[in-house]
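Okay, everyone, thanks for coming. I'll put the structure up, and then we'll walk through a few parts of it together.

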Amino acid sequence: MAPKPPPASPAAASGPAPTAEDYNTDIDAVPEPPKAKARAATHRRPQADAPPQWADAPQTFRQPRTKAEKIERWKNIARTFSPFFYADDNTTPAPQFNNYIWQQQAPVVTPEPFTFAPFSIPTLATVAPAPGAGPTLEPFLPTTASPKLLAHNTARMIREIATFSDGGKSRDQDFGAVQTLMQAFFEAVATGNNGAPAAATGPALGGPLGDAPMLQARRDGTELGANRALTNKLFESDMVLTVPQMKAIVLAAQEARNPHGRKKRKVITGSVYRWKSVIPYRFKGGDAKWKKLIKEGLSLWEKETCVRWSENGPGKDYVIFFRGSGCYSSVGRTGGSQLISIGYGCEDKGIVAHEVGHSLGFWHEQSRPDRDQYIHLRKEWIIKGTDGNFEKRSWEEIEDMGVPYDIGSVMHYGSNAFTKDWDQITIETRDSRYQGTIGQRQKLSFIDVKQVNRLYCNSVCPVALPCLHGGYPDPNNCSVCKCPDGLGGKLCGRVAKGTDHDKCGGELVAGPEWQEMIYKGKRTCNWRVKSPNGGRVRMVFTELRYQCATSCKAYIEVKHNTDFQQTGFRVCCFNKTYDVISDQSEALILSNANIVDYEVSYKLQWIQDNGKPLPPPKPTSTWVPGKENRPFRGVENTGGSIEKFILQAIPKIRDSHRPLESITSIVAEYGLATLLGISHNGKK
């Protein structure tokens, strides 16, 4: 068990308020971390009842007699092995004991001065930029939870965005305006823990970025865990928006409070946000291992789509990968240079693929208006003031490309998104069996890939194929269909071949008697269970042996719904028996153990069910090619009241003659709150 650090004093916990110098520090002038002071040698205080000790007098050891002496003795022993235990000013400094600890007469022992080595994290060497290549950031310095240092790191993130992103550098369009609008928006839609609207707090927030608490990063495999220290500094934790995009979020929030015919979408609308050809990208700093990770994340998209990236390729619009203050990206092509930060704690190719997905034009999956059919928000555990990160988009901002909601999307939030207690989830799946599916960053889902291929590769294959189960011509090989996970063959009519042993996977037939199979393997294996007479199939899963995790990485996936395009529910923890009945006459069972180096197993029993198949669900929507290129809301000024307010407010926000805190208060309390129907006392 790791030793616990001594509790911080109240003065250290509060910390001094950030000064203007913290926000004006040059981006390349990163302050050196303070050098740890050597711990001074400790000296024993004489016991109250002990005789005077002279330098040349022999030291003796007396067994403790009273209860207080015994407690003090064990404290001294604990301090000997760990300087963190009982490290307060009111206890006796720890003596240095040798093998004579239990002897009545011990020789004189001169303790060696103890110096506690400071904890350090290795940083990467800064790569000198080529002439004219632009500034290069030094590696991000880890900091403690001090308000002043947090303010410094937040200011550093803003400088990163201003340095590496050309989008919105004109007056009233920069990231400072986005930050202020975002803060006003968060206050306008904020609710208390009971879901009721919260009253605006005004300038007492302590700054223009809100009063979200300082949170320690969590390595949960998602960008949300890595970005906890930047809560409410970026929209939905990892998206760098432009002023038109932020304006559209505000308008969508108003529309959500007065819904009229909203539709289900995911991809950002507007051809202005589409990449036109091969996407150029560049590196700013980073070592070979980090660059390899970025390329692995890009290859996930290249293997599944026709989209290609070119390092140092030509073009005025390009992406800059750098190791910034967290994991974040712009949404769609924003023009000129735009950034993707893969900082410390973001070193995962699935996180890279997620951030690249944003740059291709993806919002988060749970921002779709139909998300309430699949997930439920536990608002009592959401960090106060971060409710705006769960706002849904409207049809004027996003397009679903004709595919259903996907709980297993690489763009979906994890269970603990914006939670104030890591032991409590904020996103709960309507079907509890899907809880281990959301937030996965292992691979791109079939729907993720299909949307990008429809968005960028729809004209690659001129000849249509009669693909089954939602498959479509593969833009990397137009002679075959690209099939949902678990299916294969030219037209997606067969079970996909696994990567385990030769006898792994295939077809199973459900009859009137129970049948049983025990599977053991180390890679992937796919099965399809069918009822020959058109009835449904009942399956019982027991004795699962996989790597248990909040978001399953090695798992068994069951597709029992009608639409095999959607990710099935994934289970990896053996805590109960899973009894499943298929919606139709067939179901898919996928075992994936690529991430572990040991054998996994499960026991399956199946039988034909007497129930009739459920009617197929209605299509989510009908996709018309090119529909996603309609103008994005905000590109055209419709002259609405909120738009007029925003256009009038931004010049005031950037007015150097007025304090930023007071302008934030005006925007928050008298602007968006009123226009969104939320009064200053928190009532509608």
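Before the first helix, a quick bit of bookkeeping: the expected span of a helix is 1.5 Å times one less than its number of residues. And keep in mind that what you're looking at is a predicted model.

So, helix α8. It covers residues 288–304, which makes 17 residues. From first C-alpha to last it reaches 25 Å, close to the 24 Å you'd expect at 1.5 Å a residue.

Which residues of α8 are buried? They are Trp290, Leu293, Ile294, Gly297, Leu298, Leu300 and Trp301. And what do those buried residues pack against? On the strand side you've got β3 (279–284), β4 (309–311), β5 (318–322) and β7 (337–342), and on the helix side α9 (349–360) and α10 (446–456).

Staying with α8 for a second, let's go to salt bridges. A search of the whole structure turns up 17 of them. One of these pairs is glutamate 311 with lysine 295, where the closest N and O atoms are 3.3 Å apart. Glutamate 311 sits in strand β4 and lysine 295 in helix α8, so this pair ties together parts that are 16 residues apart in sequence. Buried means under 20% relative accessible area and exposed means over 50%, so glutamate 311, at 35%, counts as partly exposed. Lysine 295 is partly exposed as well, at 40%.

Next pair: arginine 528 and glutamate 507, with the closest N and O atoms 2.7 Å apart. Here arginine 528 is in strand β17 (residues 524–530) and glutamate 507 in strand β15 (residues 506–509), so the bridge ties together parts 21 residues apart in sequence. Arginine 528 counts as buried, at 5% relative accessibility, while glutamate 507 is partly exposed at 43%.

Then there's arginine 371 with aspartate 372, at 3.1 Å between the closest N and O atoms. Arginine 371 is buried, at 5% relative accessibility, and aspartate 372 is partly exposed, at 36%. Those two also belong to a network of salt bridges that links Arg371, Asp372 and Lys392.

Okay, on to a sheet. There's an open one with four strands, in the order β16-β23-β18-β21, and the pairing is antiparallel. Which strands stand at the edges? That's β16 (515–521) and β21 (578–581); each has a single partner strand, so one side of each is left without a neighbour in the sheet. The twist averages 20 degrees from one strand to the next.

Zooming in on one pairing, eight bridges join β18 (residues 536–545) to β23 (residues 600–609), running antiparallel. If you want a spot to click on, arginine 536 stands opposite aspartate 609 in β23.

Last thing, backbone angles. Most residues other than glycine have a negative phi. Now look at phenylalanine 418, in the loop between β9 (398–399) and β10 (427–429). Its phi is near 55 degrees, so a positive value in a non-glycine residue. Buried or exposed? Phenylalanine 418 counts as buried, because its relative accessibility is 5%.

Cysteine 492 is another one with a positive phi, near 70 degrees. That residue is in the loop between β13 (487–488) and β14 (494–495), and it's buried, with a relative accessible area of 0%.

That's my tour; happy to rotate things around if anyone wants another look.

Definitions and conventions
Residues numbered from 1 in each chain as written. Predicted model: local features only at pLDDT ≥ 70, side-chain atom pairs only at ≥ 80, totals over all residues. Heavy atoms only, no water. Helix = DSSP H or I, 4+ residues; strand = E, 2+ residues; numbered from the N terminus. Buried < 20%, exposed > 50% of the residue type's maximum accessible area, 1.4 Å probe, protein only. Contact = heavy atoms within 4.5 Å. Pairing = 2+ DSSP bridges. Axes fitted to C-alpha atoms, helices over the stretch in contact; angles between N-to-C directions. Salt bridge = Lys/Arg side-chain N within 4 Å of Asp/Glu carboxyl O.
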